[in-house]
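The following exercises concern one protein chain. Please consult the sequence and the coordinates while working through each solution.

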Amino acid sequence: MQYLSILLPIFFIFSVGFIGQKMLHIDIKSVSAVSVYLMTPLLSFSVFYETTFTMDYLYMTLYALTLVLAIVAIVSIIGYFRGYSVRKTCGMILSSAFMNNGNYGTPLVLFVFGEPGLHYAVILMVIQQLIMVTIGVYYAAKGSVEDGNGKDTLTKVLKVPVMYGAILGAFFHFFHIPVGETMLEAIKLVGNAAIPTVMLVLGIQLANVSVKNIAYRPLSISLFLKLIVSPVIAWLLTFILPVDEMLKQIMVLLAGMPAAANTTLYAVQYGTEPDFVSSATFFSTIASLITLPVILSLI
């Protein structure tokens, strides 16, 4: 019950967005745009501006890349031996390899570890976004009938504003460019609003999910990889990476997050099994109510 008391407030905020969408039919693109293009870049700016850069950044990047590539390799092997199409395999990769550490993981880390944990979570969120708009968009495009070669992948990468906020914050930090206490507080005020907003966005998005014509066997494989295999791989990585205990715990916890909500957007845009990917997002989010308390109790 102790762990459910941590998760239930998060799901309460999700449910506010879910119910709001059912009642008000909110334009999710507008709300999402405010979060993605206005709030999140300022959040990443403030974190990277105030941070002290250490080798942990390299270790976090290695962790995120290794975790994603390991799941991609496992799904590719399963897809090959089960005779799945390229589109189905790419849909499973989108559903299994990318964690929802933006509008789920980061708030959860804040609830569990407080401000020190939030610092790590935001950095991992930026790293995850960079991986998602490169490797993630590549597989979304690869699985598309219309654009199997992913020609506009670079364009998608360049449009992700959270990356520019992080780069600008790091630039100001390294060159000791003063922002001013009042201005920094204003930046934080907008940036910190990103956390509850992205949680509402996930609730809104889950209300729009279609679970018709679900391929249950591939879905069960994706859920197993995302919620169980992924945190096990992260746990093994913590024995290799020389990082502090709290960061190790955050790595394992974030690895157990459900499927990233953004993968549904990419799947819809490229036509790469959108119903399957959205179903995986929905069911993995619900199933995380069972798996995350287990992970929390173990770490």
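**Exercise 1. Determine whether histidine 25 is buried or exposed, and characterise its backbone.**

Solution. Step 1: histidine 25 has a relative accessible area of 63%, and it is therefore exposed, since exposed means over 50% relative accessible area, buried under 20% and partly exposed in between (1.4 Å probe, protein chains only). Step 2: histidine 25 lies in the loop between helix H1 (2–24) and helix H2 (28–50); helices (H or I, at least four residues) and strands (E, at least two) are DSSP runs numbered from the N terminus. Step 3: its phi is near 50°, a positive value in a residue other than glycine.

The model is predicted: local features need pLDDT of at least 70, side-chain atom pairs count only at pLDDT 80 or more, and totals for chains, interfaces and linings use all residues. Residues are numbered from 1 along each chain as its sequence is written, and side-chain values use heavy atoms, with hydrogens and water left out.

**Exercise 2. Carry out the analysis of Exercise 1 for histidine 176.**

Solution. Step 1: the loop between helix H7 (161–174) and helix H8 (181–192) contains histidine 176. Step 2: with a relative accessible area of 68%, histidine 176 is exposed. Step 3: phi of histidine 176 is near 55°, again positive in a residue other than glycine.

**Exercise 3. Describe the fold and the overall dimensions of the chain.**

Solution. Step 1: the chain contains 13 helices and zero strands. Step 2: its C-alpha atoms fill a box of roughly 55 × 45 × 45 Å along the principal axes. Step 3: for 299 residues, a compact globule would have a radius of gyration near 19 Å, and the 18 Å of the chain agrees with this; the radius is taken over C-alpha atoms, and the globule rule is 2.2 Å times the number of residues to the power 0.38. Step 4: buried residues account for 55% of the 299 residues. Step 5: of the contacts with a separation of 6 or more, 86% join residues 24 or more positions apart, where contact means heavy atoms within 4.5 Å.

**Exercise 4. Assess the confidence of the model.**

Solution. Step 1: pLDDT, the predictor's confidence in each residue from 0 to 100, averages 83 over the chain. Step 2: 91% of the residues score at least 70. Step 3: residues 146–150 stay under 50, and for this stretch the model has eight contacts beyond four places in sequence.

**Exercise 5. Identify which residues touch the most other members of the largest nonpolar core, and which helix gives the core its largest share.**

Solution. Step 1: a nonpolar core is a set of buried Ala, Val, Leu, Ile, Met, Phe, Trp, Tyr and Cys residues joined through side-chain atoms within 4.5 Å. Step 2: the largest such core has 86 residues, and Met60, Tyr63, Phe98, Tyr104 and Leu253 touch the most other members. Step 3: helix H5 (residues 101–142) gives the largest share of this core, 21 residues. Step 4: a second, separate core of five residues includes Phe45, Tyr49, Leu184 and Ile187. Step 5: not counting residues up to four places away in sequence, methionine 60 touches Tyr120, Ile123, Leu124, Ile127, Leu247 and Met251.

**Exercise 6. Examine the geometry of H5.**

Solution. Step 1: H5 has 42 residues, and a straight helix would reach 62 Å at 1.5 Å a residue; the expected span is 1.5 Å times one less than the number of residues. Step 2: the end C-alpha atoms of H5 are only 24 Å apart. Step 3: a kink of about 140° lies at phenylalanine 113, shortly before proline 116; the bend is the angle between axes fitted to the seven residues ending at a residue and the seven starting there. Step 4: H5 is mostly covered, with 31 of its 42 residues buried.

**Exercise 7. State which residues threonine 197 and alanine 194 contact beyond four places in sequence.**

Solution. Step 1: threonine 197 is found in helix H9 (residues 194–207), and alanine 194 is also placed in H9. Step 2: threonine 197 is buried at 14% relative accessible area, and alanine 194 is buried at 3%. Step 3: beyond four places in sequence, threonine 197 contacts Val31, Ser35 and Met39, while alanine 194 touches Ser35, Met39, Thr40 and Leu43.
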